[in-house]
Amino acid sequence: MSSRGVQQAYSSLAQQYIDLLGSVETVHPDDLRLIEQHLGHLSGPVLDVGCGPGHLTGHLHAAGCEVTGIDLVPEFIAHARRAHPGVAFEVGSLTDVTRPDASVAGALAWYSLIHLEPGQLDSALVGIRRLLAPGGALVVGFFEGPVREPFEHEVTTAYRWPVEEMAGRLTSAGFTEVERLQRPPEGVRRPHAVLAVRAA
Ligand SMILES: C[S@@+](CC[C@H](N)C(=O)[O-])C[C@H]1O[C@@H](n2cnc3c(N)ncnc32)[C@H](O)[C@@H]1O
């Protein structure tokens with residue numbers, strides 16, 4: 001799916017997404033803890049790439065981060081600016097972030113890599129790696145599964161990834177794993193994984 005297609009799909013369902021998932025109360029406490037632990041204390045810029053409605057961006061800002069939320073979808077960014085005054089948000093693509101190399105202390109990619117075609121993932125990870133200062137932190141949340149495969153996500157086609165394969169892609173892009181979390185399906189929630197890595 002092209003980024004234009006992803007943007008259009010989310011734009012058409014933006015309000016429903018915001019109503020359903022646009023608050024930190026919908027984020028599992030273990031995930032929030034992990035995000036805070038790896039990103040909340042950083043001094044230096046942090047990017048929430050694919051921030052959607054901006055609730056995690058707002059959460060990191062409240063924790064003291066100098067954070068900017070970036071998303072393809074203008075409706076999400078407009079909402080995020082209203083909901084989180086004083087927090088920086090930009091319309092843009094995570095594959096084309098305009099920041100100098102090694103200028104960012106940390107990044108969050110929370111379910112925002114899930115719509116990339118497998119062939120697009122490596123260059124996206126290398127791009128994020130390039131933005132990060134040495135030792136910079138990246139936290140990636142994604143749908144996990146035994147084999148890499150596309151499925152019909154509620155908004156648009158997404159991929160589930162074996163956690164080992166995602167970890168390997170991160171290593172190849174120049175990251176060192178520091179923590180992983182996996183959670184089996186819970187109610188309507190699909191199998192889930194988080195990898196916290198550092199720029200090597
Ligand atoms: C499943 S939502 C997750 C949103 C948010 N991180 C959250 O936790 O609710 C996926 C988000 O990634 C964004 N996204 C997908 N591809 C992107 C890209 N190439 N650049 C920026 N945002 C992207 C979508 O617009 C959407 O807001």
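**Reasoning through a predicted fold**

Q: Why does the radius of gyration of the protein agree with that of a compact globule?
A: In this predicted model, the radius of gyration of the protein is 15 Å, and a compact globule with 200 residues would have one near 16 Å, so the value agrees with the rule. Along its principal axes, the C-alpha trace spans about 40 × 40 × 30 Å, and 42% of the 200 residues count as buried. Among contacts with a separation of 6 or more, 63% are accounted for by residues 24 or more positions apart.

Q: Why is leucine 132 called buried?
A: A residue counts as buried if 20 or more other C-beta atoms lie within 10 Å of its own; leucine 132 has 26 other C-beta atoms within 10 Å, and is therefore buried. This residue lies in strand E5 (residues 132-143), and, leaving aside residues up to four places away in sequence, it touches Ala102, Val104, Ala107, Leu138 and Ala199. Proline 100 is 32 residues from leucine 132 in sequence, while the two C-alpha atoms are 9.2 Å apart in space.

Q: What makes strands E3 and E8 the edge strands?
A: The seven strands form an open sheet with mixed pairing, in the order E3-E2-E1-E4-E5-E9-E8. Strand E3 (88-91) and strand E8 (175-183) each pair on one side only, and these are the edge strands. From one strand to the next, the twist averages 15 degrees.

Q: How do you know that E2 and E3 count as paired, and what packs on the sheet there?
A: Pairing requires at least two bridges between two strands, and E2 and E3, which run parallel, are joined by four. One of the bridge partners is valine 91 in E3, set against aspartate 71. Helix H5 (residues 74-83) packs on the sheet and touches E2 and E3, its direction making about 165 degrees with that of E3.

Q: What makes strand E9 largely enclosed, and how is E9 paired?
A: Seven of the eight residues of strand E9 (residues 192-199) are buried, so the strand is largely enclosed by the rest of the structure. E9 pairs with E5 in the antiparallel sense over seven bridges, with phenylalanine 143 standing opposite histidine 192 in E9. Eight bridges join E8 to E9, again in antiparallel fashion, and here arginine 180 has leucine 195 in E9 as its bridge partner.

Q: How do you know that helix H4 is mostly covered?
A: Seven of the eight residues of helix H4 (residues 55-62) are buried, namely His55, Leu56, Thr57, Gly58, His59, Leu60 and His61. These buried residues pack against helix H3 (29-40), strand E1 (45-49), E2, H5, E3 and strand E4 (104-110). Just after H4, glycine 64 takes a positive phi of about 110 degrees.

Q: What makes up the shell around the ligand, and which element gives the most to it?
A: The ligand is surrounded by 20 residues, the closest being Gly50, Gly52, Ser93, Leu94 and Ser112. Helix H1 (3-12) and strand E2 (66-71) are the elements that give two or more residues to this shell, and H1 gives the most, with three residues. By class, the shell has 12 nonpolar, seven polar and one charged residues; glycine counts as polar in this classification.

Methods
Residues numbered from 1 in each chain as written. Predicted model: local features only at pLDDT ≥ 70, side-chain atom pairs only at ≥ 80, totals over all residues. Near = placed C-beta within 6 Å. Buried ≥ 20, exposed ≤ 12 C-beta atoms within 10 Å, placed from the backbone. Contact = placed C-beta atoms within 7 Å. Axes fitted to C-alpha atoms, helices over the stretch in contact; angles between N-to-C directions. Rg over C-alpha atoms; globule rule 2.2 N^0.38 Å.
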